[in-house]
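Me: I would like a close look at a single part of this structure, explained carefully for someone in the first year of study. Please take one element and follow it through to its neighbours and its contacts.

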Amino acid sequence: EGYNMSLSTVYCDEPIPSYVITVDNLLKMLSIQLRLKNDLPVIIMGETGCGKSSLITQLCALIRVPLRTLNIHGGMSDIDILQWMSDRIIEARSLNAAERIIIFLDEVNTCNCMGLFKEIICDRSMDGIPLPKQIKIIAACNPYRLKKTKFDTDDQMAGLVFDHFNGEHDENVGSGITDPLRNLVYRVHPLPESMIDHVFDFGSLPPET
């Protein structure tokens with residue numbers, strides 16, 4: 001309850017029959033739904049493969065709300081995100097007042113657009129213009145975590161552009177540029193403090209799950 005979830009003008013996915021509902025992911029769904037109902041930012045953090053995306057997909061199917069997913073990567077710019085969001089805003093404005101769509105921003109901290117994401121997720125605006133009430137936003141991010149050993153740091157293929165002139169993975173002698181993300185388990189950017197306040201840590205799945 002809280003707002004009408006019955007939608008007539010947009011398509012909703014069907015629940016996945018093979019999705020296993022455990023106590024853990026059921027509680028996570030309820031927590032996310034509660035935050036959405038109270039217009040609180042929803043930012044979930046967890047290791048790769050812990051089921052963030054599949055849980056959101058199943059949740060939206062169960063509550064009968066259309067899901068629109070933006071899969072974010074390191075090559076995206078503010079313009080790419082603004083263009084995609086503009087299309088979702090047009091879609092939302094075509095809905096009735098009681099209808100909703102959920103926007104899922106997956107892996108928000110993989111590209112260097114954290115200021116824009118902070119405005120969209122926490123301030124619910126874009127370029128200073130408030131987002132339509134029909135839009136609900138969920139964001140997912142990977143942990144900002146350092147590698148544990150020097151071997152883990154050296155044994156990597158990502159970010160080779162920084163080491164093009166130097167085969168020993170130290171400083172790039174040719175340009176003087178070093179890879180700022182080389183010591184991280186995931187190549188991610190730190191979240192703004194206003195976003196950290198709302199992070200819901202999914203952790204990682206235990207082996208038995």
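**A close look at strand 6**

Reply: Isoleucine 102 stands opposite lysine 136 in strand 6, and this pair, taken from a predicted model, is a useful place to begin. Isoleucine 102 belongs to strand 3, residues 101-106, which runs parallel to strand 6 and is joined to it by six bridges. Strand 1, residues 42-46, also runs parallel to strand 6, and four bridges join these two; one of the pairings is that of methionine 45 with cysteine 141.

Strand 6 itself covers residues 135-141, and seven of its seven residues are buried. In a regular strand the side chains alternate between the two faces of the sheet. Here Ile135, Ile137, Ala139 and Cys141 point one way, while Lys136, Ile138 and Ala140 point the other way, and all of them are buried.

Lysine 136 deserves a second look, because its relative accessibility is 6%, and buried means under 20%. Side chains of opposite charge can pair when their charged atoms come close. Lysine 136 forms a salt bridge with aspartate 39, and the closest N and O atoms are 2.3 Å apart. Since lysine 136 lies in strand 6 and aspartate 39 in the loop between helix 1 and strand 1, the pair ties together parts that are 97 residues apart in sequence. The structure holds six salt bridges, and among them is the one between aspartate 24 and lysine 28, with closest N and O atoms 2.9 Å apart; these two residues are four residues apart in helix 1, so about one helical turn separates them.

How values were computed. Residues are numbered from 1 along each chain as its sequence is written. This is a predicted model: local features need pLDDT of at least 70, side-chain atom pairs count only at pLDDT 80 or more; totals for chains, interfaces and linings use all residues. Side-chain values use heavy atoms; hydrogens and water are left out. Buried means under 20% relative accessible area, exposed over 50%, partly exposed in between (1.4 Å probe, protein chains only). Two strands pair if DSSP finds at least two bridges between them. A salt bridge is a side-chain nitrogen of Lys or Arg within 4 Å of a carboxyl oxygen of Asp or Glu.
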